[in-house]
Amino acid sequence: MPNKSWRDYAFAILSVSVCSALCFAMYPRFELTNLVMVYLLGTLAVAARGNRWAAGISSALGVLCFDFFFVPPRFTFTVSDAQYVWTFAVMFTVAMIISHLTIRLQEEAEAARQSEQRTTWLMEKAKKAEVEAETERLRSSLLSSVSHDFRTPLTAIVGSAGTLLGKDEIKKNPVLREQLENIQEEGGRLSRLVQNLLEVTRLESGSLRIRKELYPLEEVIGSALERVERSMPGRPVTVDFPENLPLVPMDAMLVEQVFINLLENGIRHTPAGSGLEVSASADEKAILVTVSDHGAGLKDEELERVFDKFYHDKASPGAGLGLAICRAVVNAHGGRIWATNGPDHGAIFQFTLPRGELSHGK
């Protein structure tokens, strides 16, 4: 810093001045070699501040002042005895060595201090990461266990409701039929939530194997639209895939779930009756898929957070798992997924699927 440098230079000049004053007091009773020690101590004090240039100035000024004030003939730079020239050279060299060693010692001490701080920081970070990993492992185990326990009764509830809806006496009673349809619909929604919990924990734990096969993307989106058709009445969906779109190496069931989650996410966050667009394009390395809607879009701070597990808008009926599963599936395929906002509002979700070699496991 400039201000600190000027203070160091001022301190160097002050140090030489103080040393000269002390030497004047010592001159009548001490040898000249003792006066040299005083100037060397002054240089040591300057070097302790850590400024090499200031220490160099102190060394040079100390030699000049010693010559001018104390070497005969005094008060002149003329030297009567040539041996003093050697004294000046040794005095300057020793002063520079002292200053260099002092500053180097300070730098090493500072480096050691910073290294210690960094080591402490890394240890704290590692400990925090270990605690977070253990917490996540326990949470995933708990979710997996609870999800497995829920699947059987939920399947029974949904199946029983479907069976009752097929009976003639229920068909003739609109009140009971509506209640059973509500049970079936809500049970199905809860069943999908449980399935999402299972899938996200299996994906994150690595227990779910990705089995890739060459598959047409058109069939995957078609199957996904059939599965969400009931939940999107009056919702136009535009699918724009090029005719020459190549087959994609993928786990079709998992990628279908990505489409389902993205479509359901668009349905939840857009006005009734508004449409959705699904498009795809290809280059030499990957397939790019885009799913866009006509809702209010995402806030800037949400563009990344929407893919976090359990993150969702407070007004949303979702549990914050759909997009987390999308990211886990896409990452497992070696692609990436991201969100942006459209020029005319609305959210745009895009993901890539690599066109690499087939791999039957991960």
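**Helix packing and nonpolar cores in a predicted model**

H8 and H10 pack at an angle of about 150°, and their axes lie 9 Å apart. The model described here is predicted. The crossing of H8 and H10 is left-handed. On the H8 side, the contact is formed by Leu254, Val255, Gln257, Val258, Asn261, Leu262 and Asn265; their partners in H10 are Gly322, Leu323, Ile325, Cys326 and Val329. By class, the residues of this contact divide into eight nonpolar, four polar and no charged.

H8 (residues 252-268) also packs against H7 (residues 217-228). The axes of H7 and H8 come within 9 Å and cross at roughly 50°. The two helices are therefore oblique to each other. Their crossing is right-handed. H7 contributes Leu217, Val220, Ile221, Ser223, Ala224, Leu225, Arg227 and Val228. H8 answers with Ala252, Val255, Glu256, Gln257, Phe259, Ile260, Leu263 and Glu264. The residues of the contact of H7 with H8 comprise eleven nonpolar, two polar and three charged. Val255 and Gln257 of H8 thus appear in the contact with H7 and in the contact with H10.

In soluble globular proteins, nonpolar side chains tend to be buried together. In this model, the largest nonpolar core has 41 residues. Leu217, Phe259, Leu262, Phe349 and Phe351 have the most contacts inside this core. Two or more residues come from each of H7, strand S3 (248-250), H8, strand S4 (276-282), strand S5 (286-292), helix H10 (322-332), strand S6 (337-341) and strand S7 (347-354). H8 gives the largest share, nine residues. A second, separate core has 18 residues, among them Val63, Cys65, Phe70 and Ala95.

Phenylalanine 349 illustrates the contacts of the largest core, being one of the residues with the most contacts inside it. Neighbours within four places in sequence are left aside here. Phenylalanine 349 is then in contact with Leu262, Asn265, Val289, Thr290, Val291, Leu298, Val306, Phe307, Leu323, Trp338 and Ala339. Of these partners, Leu262 and Asn265 belong to the H8 side of the contact with H10, and Leu323 belongs to the H10 side.

Another helix pair is formed by H2 (residues 32-47) and H3. The axes of H2 and H3 come within 9 Å and cross at roughly 160°. H2 and H3 are therefore roughly antiparallel to each other. The crossing is right-handed. From H2, the contact takes in Leu32, Leu35, Val36, Tyr39, Gly42, Thr43, Val46 and Ala47. From H3, the contact takes in Ala54, Ala55, Ser58, Ser59, Gly62, Cys65, Phe66 and Phe70. The residues at the contact of H2 with H3 divide into eleven nonpolar, five polar and no charged. Cys65 and Phe70, listed in this contact, are also included in the second core.

Phenylalanine 66 lies in helix H3. At 1% relative accessibility, phenylalanine 66 counts as buried. The C-alpha atoms of phenylalanine 66 and valine 36 are separated by 7.4 Å, with their positions 30 residues apart along the chain. Apart from residues up to four places away in sequence, phenylalanine 66 touches Leu32, Leu35, Val36, Tyr39, Val71, Thr87, Phe88 and Met91. Leu32, Leu35, Val36 and Tyr39 are among the H2 residues that meet H3.

Cysteine 19 lies in helix H1 (residues 2-26). Its relative accessible area is 7%, so cysteine 19 is buried. The C-alpha atoms of cysteine 19 and methionine 37 are separated by 9.6 Å, the two residues being 18 apart along the chain. Beyond residues up to four places away in sequence, cysteine 19 touches Val38, Tyr39 and Gly42. Tyr39 and Gly42 also take part in the contact of H2 with H3.

The loop between helix H3 (52-70) and helix H4 (83-165) contains proline 73. The peptide bond from proline 72 to proline 73 is cis, with omega near -10°. Phenylalanine 75 is placed in the loop between H3 and H4 as well. Phi of phenylalanine 75 is near 60°, a positive value in a residue other than glycine. With a relative accessible area of 48%, phenylalanine 75 is partly exposed.

Over the whole protein, the secondary structure comes to ten helices and seven strands. Of the 362 residues, 37% count as buried. Among contacts with a separation of 6 or more, 70% join residues 24 or more positions apart.

Technical notes. Residues numbered from 1 in each chain as written. Predicted model: local features only at pLDDT ≥ 70, side-chain atom pairs only at ≥ 80, totals over all residues. Heavy atoms only, no water. Axes fitted to C-alpha atoms, helices over the stretch in contact; angles between N-to-C directions. Helix = DSSP H or I, 4+ residues; strand = E, 2+ residues; numbered from the N terminus. Parallel < 35°, antiparallel > 145°, perpendicular 65-115°, else oblique. Left-handed = near helix turned anticlockwise from the far one by under 90°. Contact = heavy atoms within 4.5 Å. Nonpolar A, V, L, I, M, F, W, Y, C, P; charged D, E, K, R; others polar. Core = buried A, V, L, I, M, F, W, Y, C linked by side-chain atoms within 4.5 Å. Buried < 20%, exposed > 50% of the residue type's maximum accessible area, 1.4 Å probe, protein only.
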